[in-house]
Structure formats: structure tokens, C-alpha cells
Amino acid sequence: MLALYWIASFIEGLGVAQIYAFLPNRLTEVGVAAPDVGPLVGILGSLFFLTGLPIIPLWGVWADKYSRKAVIIRSALVETVVFGIIAASVAPWQLVVGMLLVGFQLGNSGVMIAAIRDITPRHRLGLALGIFAASSPLGFGAGPALGAFMIDGLHVTSASVFALAAALSVAVALLLAVASKEVRPEHVPTGSTLRLAFGAVRGVMSDPVVRWLFVVYGVVFIGRQMAAQYMALLVHEVEHTSLEVAGSVGLVLGLATVVGAAVSPVGGWVADRLGFRRVLVGAIAGITAAFALLPLGTTVVWLAVAYSLAIAFQAVVGAMVSGLLATETPAERRSATLNLIYLPLYIGGIAGPALGAGVVTAGLRTVFFVAAAVLAGATILAVLFARRTGGREHVARTAPTRSPETPSAL
């Protein structure tokens with residue numbers, strides 16, 4: 001199951017990363033003037049999450065009440081539609097439609113994490129979540145690398161890149177339908193969907209640990225998403241290439257995400273020994289430093305190294321947040337909480353690019369300096385969180401685990 005979920009997350013990351021890497025190219029192909037590309041990248045980036053925000057709690061409720069498997073497959077099918085529309089677009093408004101639909105493909109990662117938590121022994125949970133967390137960074141590396149090869153090596157347009165992503169998403173949906181099994185939650189919710197959805201949100205807001213984590217994670221995502229939208233443009237600026245080619249975008253983003261995927265399991269292994277909170281604080285501080293270095297870069301190598309550090313630490317942050325929620329949330333609320341794990345991503349995904357679209361008018365590199373300042377604030381919040389709630393991690397780490405017969409994800 002871990003392998004199947006890993007593949008699904010990898011392919012989703014591959015396609016989404018291609019949007020980050022080649023959306024400027026696609027905008028140029030459909031007739032957007034070069035001076036308008038920067039602000040439009042930020043605006044369209046916000047649309048990623050705008051439509052999906054109101055239905056975040058519903059995916060988790062539907063998954064727990066009816067079928068986690070169906071909700072995960074739904075995501076792959078919507079990905080197919082999204083990437084297909086982006087590939088077929090011939091006008092800017094059609095790209096807008098495709099980006100608005102991205103919100104309906106999200107909501108699967110929390111469901112997969114909840115399922116992994118239910119089939120993994122506690123003493124191996126950090127490693128399992130670290131391995132799963134590596135899937136998205138690897139996908140984010142493979143997507144730009146593959147797209148760059150297609151655009152500059154095979155001399156096709158970015159439309160062909162997104163068409164391939166659509167085909168891969170269909171394959172994932174078929175694989176999940178045939179090979180995956182249903183993993184039911186320990187506590188299956190009963191009652192109306194809306195009542196359960198609002199109850200899940202109330203549960204998140206009422207638990208101080210979860211509330212702290214969501215705030216910290218949200219601020220991290222504001223800084224992360226603010227800058228991520230503009231990495232491709234920064235690469236083009238540094239190497240003085242036009243938006244009609246891929247340039248070194250695939251190299252920089254690809255190397256960064258491969259490094260991130262390699263580091264993520266190590267972060268999980270260390271957290272099993274030192275504690276999730278300590279590793280969380282260190283990882284956010286690491287992202288802050290990396291983003292502060294990015295706008296100082298004058299070579300592609302500098303950008304590749306700095307962004308590699310940023311993505312590596314980001315992967316560790318994701319694993320730490322997942323681990324803390326999985327171990328410190330009461331069993332009756334665990335699945336619902338994990339299903340809402342990317343609520344901060346949605347909020348940060350809307351606020352970050354929108355903020356970036358305003359800041360970029362003052363200069364492309366200004367975006368990265370402001371993003372680093374936001375992440376510095378997240379580091380301070382993480383330190384406060386660790387100091388105020390540190391006692392609960394000790395209890396969770398010494399509490400009895402599930403019975404030996406619990407099936408393992410590894």
C-alpha cells in the first residue's frame with residue numbers, strides 16, 4: 001500500500017511541478033505578453049487552491065464514511081482532466097479554467113497518510129512517513145527534468161508535456177483501481193456529511209497542539225508557495241534565456257527535488273530518536289536560510305544548491321507535521337485531522353502566490369527576500385510551539401503501540 005500511494009503521490013507531484021516549471025512557457029504559447037507573465041504566474045498559482053478550499057473537510061469525511069480508495073482514485077482522474085485542459089488550451093481564459101479545477105484534484109494526500117498511519121506500527125511510523133514524504137519531491141524533480149528534455153531535446157511545446165502528464169494520471173487511476181485495497185479507519189464516522197465536516201474542523205481548532213501545528217505549517221506554506229511560483233523565472237533571469245525554451249529549469253528543479261527526496265527519510269529516522277518537534281524547528285530554520293540565499297545567486301549552480309536545501313528541509317517539515325498529528329491526536333479524531341492536514345497548504349497556496357504577485361512588481365528577487373522573512377516568522381512560531389506543547393510528545397513516544405498483529409506498511 002505504501003508503494004501504491006507513493007506512486008500516486010509521485011505522479012501528482014510530477015504534473016504539478018510541470019505547472020510550476022512551464023506555466024510561464026504555456027502563457028507565452030497562448031499569447032500572453034512577456035511583461036504580464038510575472039503577475040499572472042502568481043494569480044494563477046492562487047487559483048490552484050481557491051476552488052478546493054471550501055471542500056477540504058468533505059473529502060476526508062467521504063473517505064472515512066464510504067471509501068478512502070475511491071477518494072484517492074478521484075484525485076487521479078481529476079488530474080487527468082486538469083492536465084488535459086492545460087495541454088489543449090489555446091487562449092489564456094482556458095488556462096484559467098484548468099487552474100480552477102486543480103482544487104478538485106487535491107485532498108488525497110491526507111487520506112493516504114491516514115491509511116498509512118492505520119497500517120504502520122508506531123515504532124516505524126517516522127520512517128514510513130519519511131518514505132512517503134519523499135514521493136512528492138521526487139515527482140517534483142522528475143516533472144521539470146522530463147519537461148525540459150521534451151521541450152529542448154525533442155523540440156515539442158509545453159502542451160505536449162502536459163498531455164503526457166494527463167496520460168500518466170490515467171495510468172495511476174487504473175493502477176489504484178486494480179491493485180490497492182480499502183483501508184478503513186479505526187473509527188468509522190456516522191451522521192450527516194456536513195455535520196461531520198464541521199465537526200472535524202472544530203476538532204482541529206479545539207486541540208491546542210493541532211491548532212499550533214496548522215498555524216506553523218500555514219505560515220511555512222505562505223513563504224514556500226510565494227517563492228516557488230517564481231523559481232522558473234529566476235532561473236531564466238540568471239541564465240538570460242527566453243520563455244520559449246526550458247533552459248536550466250529542469251536541472252535546477254530536478255536536482256533540488258531529488259535531494260529533497262533523499263533527505264526526507266533521514267529526517268524521519270532522526271525524528272524517531274530525537275523527537276519530531278526538534279527536527280521540525282531545525283527544518284523550518286533550514287528553509288529560511290535557503291530562501292534567503294536564493295536571490296543572492298548569480299549562477300545556475302548557486303540556485304540549484306540553495307533550492308535543493310529548501311526542498312530537502314520542506315520534505316522533512318511535511319514528515320514532521322504528519323508524524324506529530326498521527327501520534328498526538330486522539331484515535332477518534334486522528335483520521336479526520338490527518339485528512340485536513342493540507343488545510344494550511346490551501347490557505348498558504350492562496351495567500352503566498354497572491355502576495356508574490358504584488359511583490360514581484362518591485363523586482364523578481366524581492367519575492368524571495370520577503371518569502372525568507374515569512375519563513376523566519378514560521379521558525380519563531382515553531383520554537384514557541386515546541387516549548388509550549390513539548391510534554392505531549394514524551395507521552396506519545398512512550399505510550400503503548402498498537403498490537404503486534406497490526407499489519408505493517410513496510
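At 37% relative accessibility, Glu-29 counts as partly exposed in this predicted model, where buried means under 20% relative accessible area, exposed means over 50%, and partly exposed covers the values in between (1.4 Å probe, protein chains only). The side chain of Glu-29 meets that of Arg-26 in a salt bridge with an N to O distance of 2.8 Å, a salt bridge being a side-chain nitrogen of Lys or Arg within 4 Å of a carboxyl oxygen of Asp or Glu. Arg-26, in contrast to its partner, is buried, with a relative accessible area of 4%. Because Arg-26 and Glu-29 are three residues apart in helix H1 (residues 2-29), they are separated by about one helical turn; helices here are DSSP runs (H or I, at least four residues), numbered from the N terminus. The model is predicted, so local features need pLDDT of at least 70 and side-chain atom pairs count only at pLDDT 80 or more, whereas totals for chains, interfaces and linings use all residues. Residues are numbered from 1 along each chain as its sequence is written, and side-chain values use heavy atoms, with hydrogens and water left out.

The structure holds four salt bridges. Side chains of opposite charge can pair when their charged atoms come close. The side chains of Asp-64 and Arg-68 form one such bridge, at 3.4 Å from N to O, and those of Asp-118 and Arg-68 form another, at 3.0 Å from N to O. The pair of Asp-118 and Arg-68 links distant parts of the chain, since Asp-118 lies in helix H6 (residues 109-119) and Arg-68 in helix H4 (residues 68-88), 50 residues apart. Through salt bridges that share partners, Asp-64, Arg-68 and Asp-118 are joined into one network. Both Asp-64 and Arg-68 are buried, and Asp-118 is buried as well.

Helix H7 (residues 125-133) is largely enclosed by the rest of the structure, because seven of its nine residues are buried. The buried residues of H7 are Leu-125, Gly-126, Ala-128, Leu-129, Gly-130, Phe-132 and Ala-133.

Helix H12 (residues 231-239) and helix H15 (residues 300-328) pack at an angle of about 155°, with their axes 9 Å apart; axes are lines fitted to C-alpha atoms, for helices over the stretch in contact, and angles run from 0 to 180 degrees between N-to-C directions. H12 and H15 are therefore roughly antiparallel to each other, a term that applies to angles over 145 degrees. The contact, meaning heavy atoms within 4.5 Å, is made by Met-231, Leu-234, Val-235, Val-238 and Glu-239 of H12 together with Val-300, Leu-303 and Tyr-307 of H15.

In the loop between H12 and helix H13 (249-274) lies His-240, whose phi is near 60°, a positive value in a residue other than glycine. His-240 counts as exposed, at 71% relative accessibility. Phi of His-155 is likewise near 60°, and His-155 is found in the loop between helix H8 (135-153) and helix H9 (158-179). His-155 is exposed, with a relative accessible area of 67%.

On the surface, Leu-293, Leu-296, Trp-302 and Phe-369 make a nonpolar patch of about 380 Å². Patches are made of residues with over 30% relative accessible area and no salt bridge, nonpolar side chains (Val, Leu, Ile, Met, Phe, Trp, Tyr) being joined within 5 Å and like charges within 9 Å. Phe-369, placed in helix H18 (residues 364-398), is partly exposed, with a relative accessible area of 42%.

Technical notes: Accessible areas come from the Shrake-Rupley method with a 1.4 Å probe; for residues, only the protein chains shown count as cover. Helices (H or I, at least four residues) and strands (E, at least two) are DSSP runs, numbered from the N terminus. Angles under 35 degrees count as roughly parallel, over 145 as roughly antiparallel, 65 to 115 as roughly perpendicular and the rest as oblique.
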